[in-house]
Amino acid sequence: MSKVNIKQVTSRKELKQFVQFHYDLYRGNDCAVPFLFSDEMDTLRKDKNPSFECCDAEYLMAFKDGKMVGRVAAIINHRANERWNRKQVRFGWFDFIDDKEVSEALLKAVEQWGLQHGMTEIVGPLGFIDTDREGMMIEGFDQLSTMYVNYNYPYYPKHMESMAGFEKDNDYVEMKVKVPEVVPDKFAKITEMVRKRYGLRVHKFTRRELIQEGYGRKVFDLLNATYKDLYGFSQLSDKQIDKLVNNYIKIADLNLVTAVFDGDKMVGFGITFPSFSRAMQKTRDGRFLPFGWWHLLKILKWHRTEIVDLLLIGVLPEYRSKGANALIFDDLIRWFQRYHFEWAETGPQMETNEGVLSQWQYLESVIHRRHRCYRKNL
C-alpha cells in the first residue's frame, strides 16, 4: 500500500498547485461552481490578505505515488481565539480524493501543527474570517452551488464521521426562496407601520456615498456590530473592511443594495448580487481569460440569471423588533421583480438562529443545502 506524503507549500508555484487541485477534482461536476482563481490566490497570500494581521497559516498538500491527491489549510485566528477564549486551529480549503488515508493524513498534519502552536482543539472547515467559506456540505449535493459556499462530494462527510474524535460543532442551512409576484401583505403592512411609528426609512446608496463618503466602511462596521455574537466570528479590522469594500461594494449593482436609516444613523443593510454560478461554470478554472469575462459581464450588466444571491444582511439588535428587516425585504423584492429574478438564495445561516430563519415564513422557501463544522479535542 502506497504511503501518503504531506508536503508544505513553500513557493508561489506550489501555491498555484494547491489552488488548482480543487478545479481538477471537480471538473465536469454540474453542481460545483469554480471560485475566482485570482481571489483564491489573493486570499491565501500573506502579502495580499489583511487577515494575516491576526492569523497564522500553513498550507499542506498530500501526494500518493507521486500524484497530488489532497490539500488542506491550517489556520489560527488569534483574534477569534481571544474573543471566544479558545485555543483552536482551523482547517479549511480541505479537498481530497475518496481515500481515507489521504483525508486522515491531512487532518493529522493540521493537528500536529496546531499542537506545536499550543492549540487544544481542531475545528472546521473554516476560513480566516467569517466572510470566507465555512462548513462542509452534508446535504444538497444535487443542488447548484454558489461562489460563496463550499461544494464537496458526498464522501467528504463520510470520511469525517469515520474519524475518531470528530463531532458536530455547528450546522448552517441555506434557503432557496421563491421571489413572489406581489410583495406579501405582511411585509407591506409592517413596512408602512415601521415608517409611521418609528420613522425608519429605506436609503439607496450612490457609489460616491459608499466609496468617497465612507458609507461602504460603515456597512461593514455595522456588520461587526450585528455579527459579533455569531459562531466563530472575529471583528473585522480596517484593512479587512477596505478589502471587502473593494471586492463587493465597488462592483455591486446599487439597486440591489438596501440600507435602513433612523434619522442619520444606519441601522440595517442588505447586500445582494445576481448569481454568477452558471457564468463561473463557463470559465476556464475560475479565470477571466480568454472568455470568462464575457459570461460574468452578462450577469453584471444585464442580469441574465434567474437567481439572486442574498450575500449579507444585518440589522442592529434593537431595531429587529421594530421591523427593519421587513423594510429591507420590501425594497429588495421589488427590485428582484423588476430584474425578473425567480429565486433568491440565502447565504449560510446558523440552524439555531431562529430569529433569522423565522423571517422566511412569509415567503415560499425551502432548506436546500446544509453545511457542518466539525470539532475535535487535541
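Colleague: Where in the chain is Asn 85 found?

Modeller: In this predicted model, Asn 85 is found in the loop between α3 (78-84) and β4.

Colleague: What value does the phi of Asn 85 have?

Modeller: The phi of Asn 85 is positive, about 55°, although Asn 85 is not a glycine.

Colleague: Which kind of peptide bond joins Gly 124 and Pro 125, and what is its omega?

Modeller: The bond between Gly 124 and Pro 125 is cis, with omega about 5°. Pro 125 is in the loop between β5 (121-124) and β6 (136-139).

Colleague: Now the helix pairs. Why is α1 called oblique to α2?

Modeller: Helix α1 (residues 12-26) and helix α2 (residues 37-44) pack at an angle of about 130°, with their axes 10 Å apart. An angle counts as roughly perpendicular from 65 to 115 degrees and as roughly antiparallel over 145. The value of about 130° falls in neither range, so α1 is oblique to α2. As for handedness, the crossing of α1 past α2 is right-handed.

Colleague: Which residues make the contact of α1 with α2?

Modeller: From α1 come Arg 12, Leu 15, Lys 16, Phe 18, Val 19, Gln 20 and Tyr 23, and from α2 come Phe 37, Glu 40, Met 41 and Leu 44. By class they are seven nonpolar, one polar and three charged. Arg 12, Lys 16 and Glu 40 are of types that count as charged, and Gln 20 falls among the polar types.

Colleague: What makes α6 and α13 oblique to each other?

Modeller: The axes of helix α6 (residues 185-198) and α13 cross at roughly 125° and come within 9 Å. The perpendicular range ends at 115 degrees and the antiparallel one begins over 145, so roughly 125° leaves α6 and α13 oblique.

Colleague: Is the crossing of α6 past α13 left-handed or right-handed?

Modeller: α6 passes α13 in a left-handed crossing. On the α6 side the meeting residues are Phe 187, Ala 188, Ile 190, Thr 191, Val 194 and Arg 195; on the α13 side they are Ala 326, Leu 327, Phe 329, Asp 330 and Ile 333. That contact has eight nonpolar residues, one polar and two charged. Arg 195 and Asp 330 are of charged types, while Thr 191 is of a polar type.

Colleague: Why is α8 called oblique to α9?

Modeller: For helix α8 (residues 215-227) and helix α9 (residues 238-247) the crossing angle is roughly 120°, and the axes come within 9 Å. Roughly 120° is outside 65 to 115 and is not over 145, so α8 is oblique to α9. The crossing of α8 past α9 is right-handed.

Colleague: How many residues of the contact of α8 with α9 are charged?

Modeller: Four are charged, next to four nonpolar and two polar. The residues in α8 are Gly 216, Arg 217, Phe 220, Asp 221 and Asn 224, and they meet Asp 238, Ile 241, Asp 242, Leu 244 and Val 245 in α9.

Colleague: How many cavities of 30 Å³ or more are there?

Modeller: There are two cavities of 30 Å³ or more. The largest cavity has a volume of about 120 Å³. Of its 15 lining residues, Trp 93, Phe 94, Asp 95, Asn 150 and Tyr 156 are the closest to its centre. Strand β4 (residues 88-96) gives the largest share of that lining, four residues. By class, the lining has seven nonpolar, five polar and three charged residues.

Colleague: And what volume does the second largest cavity have?

Modeller: Its volume is about 70 Å³.

Colleague: How do you know which class each residue of the lining of the second largest cavity belongs to?

Modeller: The lining consists of Val 177, Lys 178, Val 179, Pro 180, Leu 310, Phe 329, Ile 333, Phe 336, Ala 344, Trp 360 and Leu 363. Lys counts as charged, and Val, Pro, Leu, Phe, Ile, Ala and Trp count as nonpolar. The division is therefore ten nonpolar, no polar and one charged. α13 gives the most to this lining, with three residues.

Colleague: Where is Ile 313 placed?

Modeller: Ile 313 lies in strand β11 (residues 307-315). Ile 313 and Ile 271 are 42 residues apart in sequence, with their C-alpha atoms 6.3 Å apart. Neighbours within four places in sequence aside, Ile 313 is in contact with Tyr 227, Phe 269, Gly 270 and Phe 329.

Terms used. Residues numbered from 1 in each chain as written. Predicted model: local features only at pLDDT ≥ 70, side-chain atom pairs only at ≥ 80, totals over all residues. Heavy atoms only, no water. 1 Å grid on protein atoms, 1.4 Å probe; cavity = no way out; pocket = protein on both sides within 12 Å on 5 of 7 lines; lining within 4 Å. Points joined across faces, edges and corners; volume = space filled by probe spheres on them. Helix = DSSP H or I, 4+ residues; strand = E, 2+ residues; numbered from the N terminus. Axes fitted to C-alpha atoms, helices over the stretch in contact; angles between N-to-C directions. Parallel < 35°, antiparallel > 145°, perpendicular 65-115°, else oblique. Left-handed = near helix turned anticlockwise from the far one by under 90°. Contact = heavy atoms within 4.5 Å.
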